[in-house]
Amino acid sequence: MDHLVDYSFPSCEHVEGDAIKVYVRVRPPSEGTALTDGDQGLCLSVLSTNTIRLHSKPEPKIFTFDYVANMETTQESVFSSVAKSIVESCMNGYNGTIFAYGQTGSGKTFTMMGPSDSDNFTHSLRGVIPRSFEYLFFLIEREKEKAGGGKSFLCKCSFIEIYNEQIFDLLDSASAGLFLREHIKKGVFVDGAVEQVLSSAAEAYQVLTMGWRNRRVASTSMNRESSRSHAVFTITVESMEKNNEIVNIRSSLLNLVDLAGSERQKDTHTEGLRLKVSSVTSGGGFLSDMLSCPIPERESARFCSLLFLGSG
Ligand code: ADP
Ligand code: MG
C-alpha cells in the first residue's frame, strides 16, 4: 500500500535564541612559556563566563560573547556548552555547523578533534567531533527505543578537504577535485563526494580516521599544508516514522569543521580574500569581520551556504 509522505522541514522561527553563537576558548600557554606572575603576563583576562578583558593600550577593551571557556575548561565542558544543543537540534531536523576559528597553534584541532591524531576516540581529552558522534548515536538509540520500532534512522557521512580553491574527497583519495553545485531542493552541495553509511559512533571514528590519514598523506605527497586547508565532516541524519498511513521523513545535516588557520596566506594568491559570510547568515556581519580565510572569492559565498545551510 502506498503511504503518504510528509517531508517536514522545521522553520528557523522555532529555533530558540540566535541561529549563530560565538564561543571563545582561551588556551593555556604552551609548555616552556609558563607564567610565574599569575595573569600579569597574559594579553587578556577572563572576567566571567561570557566576557573577556583585552589588555590593550592605551585602554583595555571588554568583549562579550555567548560563552567564554577559560584555560581550565575541560573538553567535556566545551562539548556540553558548544555542541550538545546543536546535536540535539540535528535530531529534531535542523541543520547545524560547528567550527573553530583561529590562528595556527591556537587550539582548533585540539578543540575539534583532540590532542593527538592516533587516539582521539578513547582519550579523555578527545574533542568536540568524537563527542558529537557519541552523543548523536546515543540520541538515535534512545529515540529508537522510545518509538518501539516505529522509527528508523539512516546516517551517512562525507569528508572533504578544501585547499587552495580546490575540493578533495578525503574518503576517496583517488578522486580528482570536486565541485560545488547548487540544487533547487538540496541547496549547495559537493557533487560526487563519497557518502558512507554510519551505524555507530565507532564506525564514524573509523571513517574520520581514514579521511584524516588521507589528509596527512596528501599534505606530504602533494606539498599541501594542512594548516591551510579546511576539513569538513558532514553527517546527514534521516529519520523515518510511520504514523498510521503517513510516513514522516526528516533530514538534517551536521557539519563538523576543522578550519584552516586564520593568519593571512602571504605566499598564496588567495591572500586577503575574506569569507563572505554575511550574505548567507543573519548574524554574519560580525563573523565576516572576523573571518579571513583562504577561500576564493567566487566560491566563498557558496562554500558558506554549504556550511550554513538552513541556519540563516
Ligand atoms: P591549531 O589546530 O589551531 O593549529 P592545535 O590544536 O594543533 O592548533 O594546538 C597546538 C598545540 O597546542 C597542540 O600541541 C595542542 O595539543 C595544544 N593545545 C591547544 N589547545 C590546548 C588546550 N586547551 N589545552 C592544552 N593543550 C592545548
Ligand atoms: Mg589544526
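How far is an oxygen atom of ligand 1 from an N or O atom in the side chain of threonine 109? In this predicted model, the distance between the two is 2.8 Å. Two further polar partners can be picked out in the structure above. For arginine 27, an N or O atom of the side chain is 2.9 Å from an oxygen atom of the ligand, while serine 106 takes part through a polar backbone atom, which is 3.3 Å from a ligand oxygen. On its own, ligand 1 has 560 Å² of accessible area, and the protein covers 67% of it.

The surroundings of the ligand can be followed along the sequence. The residues around it include Arg25, Arg27 and Pro28, and they continue with Gln103, Thr104, Gly105, Ser106, Gly107, Lys108, Thr109 and Phe110. Sorted by class, this shell holds six polar, three charged and two nonpolar residues. Helix 3 is the element that gives the most to the shell, contributing three residues.

A wider view helps to place this site. The chain is built from seven helices and 14 strands, and 42% of its 312 residues are buried. Contacts between residues at least 6 apart in sequence were also considered; of these, 63% join residues at least 24 apart. The accessible surface of the chain comes to about 16,700 Å², with 52% of that area belonging to carbon and sulfur atoms.

Helix 1, which spans residues 75-82, offers a good example of how one element packs. Its buried residues are Gln75, Val78, Phe79 and Val82. Viewed down the helix axis, these residues fall within an arc of 100 degrees, so they line one face of helix 1. The spacing fits a general rule: an α-helix has 3.6 residues a turn, so residues three or four places apart point the same way. The buried residues of helix 1 pack against strand 2 (23-25), strand 6 (67-69) and strand 7 (96-100), as well as helix 2 (84-91), helix 3 (108-112) and helix 4 (128-147).

A single strand residue completes the picture. Alanine 231 lies in strand 13, which covers residues 229-243. With a relative accessible area of 1%, alanine 231 is buried, because the cut-off for that class is under 20%. Leaving aside residues up to four places away in sequence, alanine 231 touches Phe159, Ile160, Glu161, Arg215, Leu256, Val257 and Asp258. For one of these pairs, alanine 231 and valine 257, the separation is 26 residues in sequence and 5.7 Å in space, C-alpha to C-alpha.

Methods. Residues numbered from 1 in each chain as written. Chains lettered and ligands numbered in written order. Predicted model: local features only at pLDDT ≥ 70, side-chain atom pairs only at ≥ 80, totals over all residues. Heavy atoms only, no water. Buried < 20%, exposed > 50% of the residue type's maximum accessible area, 1.4 Å probe, protein only. Helix = DSSP H or I, 4+ residues; strand = E, 2+ residues; numbered from the N terminus. Arc of directions from axis to C-beta. Contact = heavy atoms within 4.5 Å. Near = heavy atom within 4 Å. Polar contact = N/O pair within 3.5 Å; in protein donor to acceptor, adjacent residues only side chain to side chain. Areas by Shrake-Rupley, 256 points an atom, 1.4 Å probe, with all protein chains shown as cover. Nonpolar A, V, L, I, M, F, W, Y, C, P; charged D, E, K, R; others polar.
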